Amino acid sequence: MNEAILGGLLAAGTDPSDVVATVRRAERADELAHRHGIMAIAGAEDPDNNKLAAKGAGVVILGVKPVGITDLAREISPVLAPSTIVVSVAAAVSIAQLEAALPPGQPVIRTMPNTPARLGRGVISVSAGSNVTPEQQQLVTELLSAAGTVVEIPEDQVDALSAISGSGPAYAFYLAEAMAAAGVELGLDPELSVRISRETVAGAGYMLAEPGADPTALRVAVTSPNGTTERAIAAFNEGGIPAIIADGARAAAARAAEITKQLG
Ligand SMILES: NC(=O)C1=CN([C@@H]2O[C@H](COP(=O)(O)OP(=O)(O)OC[C@H]3O[C@@H](n4cnc5c(N)ncnc54)[C@H](O)[C@@H]3O)[C@@H](O)[C@H]2O)C=CC1
Ligand SMILES: O=C(O)[C@@H]1CCC=N1
């Protein structure tokens, strides 16, 4: 996820020399440095890597798994300037949990990105903690805008948003996988079926990305009265696909709440 955000930031003109990344493995640090022209420090080579990166930073983006993020916050706390904005991309970790692991008064912003950020087409939510000034929130919003559409939401909506846009790219890829499998079942060559499914979901995505695009109008335009698509959509509706998608989103949001409790 973090390389996706990095890709978006750099593509939008962030100076690579303004960015320091940390990772665990040396090979991964080399890969990031070569691919993006940034400084990347591996924990395996320098156990102080996270502190080195955070020291003097205006913005620190924490992107490890939810289970490790408060430990990481505690690790870098001694080197943070009071004005350093700490941004979290972790699902299910609350602003309160992050603030409790950081020096008192540290500005904290919780975000929920998604992987199309790599192409500058992400959706990134921003929820600010109480120590964040409007100027700091503006700065982070502008920074993340490089990676896609930024939406400001109250923290109590993050789990719901995550169930739609955070996990959502996986739902679209899942659809492409299911379409490819269906094509094979209808007798298409597997490679061809994957190719046309991928291009179809991608092409539809491009259409949705046009300004003012309306998913319902776009669907209706493909669905000729009494034609073939109509039969497919009817079968989807009979099979309860909309309700199944709602169930999936509910399960994702519930899992986020469960993780928050576990990390309590
Ligand atoms: N994958 C996705 O689409 C999304 C992920 N997220 C959040 O992003 C975070 C990362 O998720 P992924 O990218 O999927 O996981 P990942 O496992 O691919 O990335 C985590 C990275 O952190 C590195 N790391 C772990 N501990 C470290 C440490 N102490 N110091 C430096 N680097 C360390 C790991 O080596 C790894 O490269 C999670 O908190 C997740 O909830 C949020 C939205 C979407
Ligand atoms: O699956 C996850 O937990 C993360 C959060 C949203 C997308 N990926």
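These numbered points comment on a predicted model of a protein chain with a ligand.

1. Domain layout. The protein chain splits into domain 1, residues 2-155, and domain 2, residues 168-258. Their C-alpha centres are 33 Å apart. Six residues of domain 1 and four residues of domain 2 make the contact. On the domain 1 side, three of these residues are nonpolar, two are polar and one is charged.

2. Annotated span. An unreviewed UniProt entry carries the annotation "domain: Pyrroline-5-carboxylate reductase catalytic N-terminal" for residues 1-91. In the model, helix makes up 38% of that span and strand 18%. The C-alpha atoms at its two ends lie 11 Å apart.

3. Ligand shell. Ligand 1 is surrounded by 21 residues. M1, R24, V64, A90 and A91 are the closest. Which classes make up the shell around ligand 1? Ten residues are nonpolar, nine are polar and two are charged.

4. Nonpolar core. The largest nonpolar core holds 52 residues. Within this core, the most contacts belong to L62, A73, V86, V87 and I109. Both domains feed the core: domain 1 (2-155) and domain 2 (168-258) each supply at least three residues. In soluble globular proteins, nonpolar side chains tend to be buried together.

5. A73 in detail. Which residues does A73 touch, leaving aside those up to four places away in sequence? The partners are L62, V86, L98, A101 and L102. Two of these names, L62 and V86, also appear among the residues with the most contacts inside the largest nonpolar core.

How values were computed. Residues numbered from 1 in each chain as written. Chains lettered and ligands numbered in written order. Predicted model: local features only at pLDDT ≥ 70, side-chain atom pairs only at ≥ 80, totals over all residues. Near = placed C-beta within 6 Å. Nonpolar A, V, L, I, M, F, W, Y, C, P; charged D, E, K, R; others polar. UniProt positions renumbered as here; feature names shortened; annotations may be inferred. Helix = DSSP H or I, 4+ residues; strand = E, 2+ residues; numbered from the N terminus. Domains from an automatic or database assignment. Contact = placed C-beta atoms within 7 Å. Core = buried A, V, L, I, M, F, W, Y, C linked by C-beta atoms within 7 Å. Buried ≥ 20, exposed ≤ 12 C-beta atoms within 10 Å, placed from the backbone.
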